[in-house]
Amino acid sequence: MPTSPASLTQLPVRRLTSEDLLACADLSENRGWPREEHKWGLLLAAGTGYGIDDPDAPGLAACCVVTSYGPGLAAIGMVLVAERYARQGVGRRLMRHVLAEAGDTPLTLYATANGQPLYEQLGFTETGRSEMVRGRFTFTAPAPDVPVRPATAEDLPAILRLDHEVFGLDRTHVIARLPAFADHLRVAEEDGGITGFAAAWPNMDTHVIGPLLARDPGTAKALIASLAAATDRPLRTDIDVRHASLLSWAKENGIDTIATTSVMIRSLSDLPGDWRRRFAPLTVAAG
């Protein structure tokens with residue numbers, strides 16, 4: 001007998017491990033998302049996964065991942081509820097558990113139009129918008145002539161310093177995984193110092209660009225163009241809508257908008273760091 005709706009809201013929430021990777025990918029596929037097994041591997045290693053086991057079948061009824069950046073911020077991503085349990089309180093049950101676990105830690109997430117009403121009810125407010133863009137880079141509009149090269153192991157300390165400065169919090173536990181996670185990692189260098197960096201990592205049939213931190217939009221364009229030249233796959237990334245010149249340039253080069261999400265925060269007036277130099281996140285996992 002199927003579990004009753006009332007019972008669904010009382011289902012236990014458990015911590016996920018790397019052994020749950022395929023179940024998470026199955027749940028992504030169930031909701032029409034790509035399986036994204038490579039990204040799930042990073043998220044479950046660098047963050048804390050939460051899941052509700054399906055009471056009526058093998059697999060998960062719901063899941064999400066929380067990536068902590070210390071007491072100053074944690075990011076919630078990959079919030080998924082199986083189609084058969086949608087709109088029955090399972091997502092709310094999972095989110096309330098995550099909020100209780102987070103305590104006083106401020107939270108952020110990227111929300112789709114479907115998920116935003118629930119997050120607003122749970123105390124999140126919109127602080128910005130982001131456009132997901134995808135396409136084959138055409139090199140129609142040139143990038144500025146900014147020196148860009150492949151990153152080396154010796155660059156990691158400088159990359160970490162720049163990331164901390166721009167992001168506003170310590171992401172060492174995530175950024176240090178980039179050399180193994182990404183297929184391509186580039187740095188922009190001027191006057192003997194690193195002024196930006198970007199990675200392209202494999203995700204199904206695309207290369208996703210992120211993170212992308214740069215001194216200015218011209219440097220960001222040069223990093224994207226360098227990564228585009230290194231792959232024959234379509235590119236995908238997420239760009240803050242305030243970076244209008246970068247979005248316009250990307251679209252001139254065949255990378256068009258496929259979705260728009262809301263950047264939301266809870267218990268915080270705004271995200272830390274310098275948004276003017278933060279062009280694309282490491283991973284976007286909207287719910």
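# A chat about helix α10 and its surroundings

Q: This is a predicted model, so which residues of helix α10 are buried?
A: In this predicted model, the buried residues of helix α10, which spans residues 244–252, are L246, L247, W249 and A250.

Q: And where do they sit around the axis of α10?
A: They cover an arc of only 165° around the axis, and because of that they lie on the same side of α10.

Q: What covers those buried residues?
A: The cover includes strand β6 (125–135), helix α9 (217–229), strand β11 (235–240) and strand β13 (278–280).

Q: Which residue with a positive phi follows α10?
A: That is G254, which follows α10 and has a positive phi near 85°.

Q: You mentioned β13, so which residues does R278 touch?
A: R278, which is found in strand β13, touches V166, F167, L212, H243, L271, P272 and G273, if residues up to four places away in sequence are left out of the count.

Q: Is R278 buried or exposed?
A: R278 counts as buried, because its relative accessibility is 16% and the cut-off for buried is under 20%.

Q: How many residues lie between R278 and K221 along the chain, and what separates their C-alpha atoms?
A: R278 and K221 are 57 residues apart along the chain, and their C-alpha atoms are separated by 13 Å.

Q: Let's change topic to aromatics: how many aromatic pairs are there in the whole structure?
A: A search of the whole structure finds five aromatic pairs. One of them is formed by Y119 and F124, which are edge-to-face, with 6.0 Å centre to centre and 70° between the planes. Both residues of this pair, Y119 and F124, are buried.

Q: What about F137 and F139?
A: F137 and F139 also form an edge-to-face aromatic pair, at 4.6 Å centre to centre and with 80° between the planes. F137 is buried, since its relative accessible area is 12%, whereas F139 is partly exposed, since its relative accessible area is 45%.

Q: Which residue joins F137 and F139 in their aromatic cluster?
A: W249 does, so that F137, F139 and W249 form one aromatic cluster, and W249 is also one of the buried residues of α10.

Q: Moving on to β4, how many of its residues are buried?
A: Strand β4, made of residues 74–81, is mostly covered, with eight of its eight residues buried.

Q: How do its neighbours β3 and β5 run, parallel or antiparallel?
A: Strand β3 (residues 60–68) runs antiparallel to β4 and is joined to it by six bridges, with T67 having A75 of β4 as its bridge partner. Strand β5 (residues 107–111) runs parallel to β4, with three bridges between them, and there the bridge partner of I76 is L109.

Q: What lies between β3 and β4?
A: The two strands form a hairpin with five residues between them, where G70 takes a positive phi near 90°.

Q: And which helix makes a unit with β4 and β5?
A: Helix α4 (residues 90–102) does, and together β4, α4 and β5 make a right-handed β-α-β unit.

Q: Last one, where is D163, and what does its side chain contact?
A: D163 is in helix α6, residues 156–167, and its side chain is joined to that of R171 by a polar contact of 2.5 Å. D163 counts as buried, because its relative accessibility is 1%. Leaving out residues up to four places away in sequence, D163 touches G168, L169, R171, I175, F197 and L213.

Definitions and conventions: Residues are numbered from 1 along each chain as its sequence is written. Side-chain values use heavy atoms; hydrogens and water are left out. Buried means under 20% relative accessible area, exposed over 50%, partly exposed in between (1.4 Å probe, protein chains only). Helices (H or I, at least four residues) and strands (E, at least two) are DSSP runs, numbered from the N terminus. The arc is that of the directions from the helix axis to the C-beta atoms. Contact means heavy atoms within 4.5 Å. A polar contact is a pair of N or O atoms within 3.5 Å; within protein, one must be able to donate a hydrogen and the other to accept it, and residues adjacent in sequence count only if both atoms are side-chain atoms. Two strands pair if DSSP finds at least two bridges between them. A crossover is right-handed if, with the strands pointing away from the viewer, the path from the first strand over the helix to the second runs clockwise. Rings of Phe, Tyr and Trp (its six-membered ring) pair if their centres lie within 6.5 Å; planes under 30 degrees apart count as stacked, over 60 as edge-to-face and the rest as tilted.
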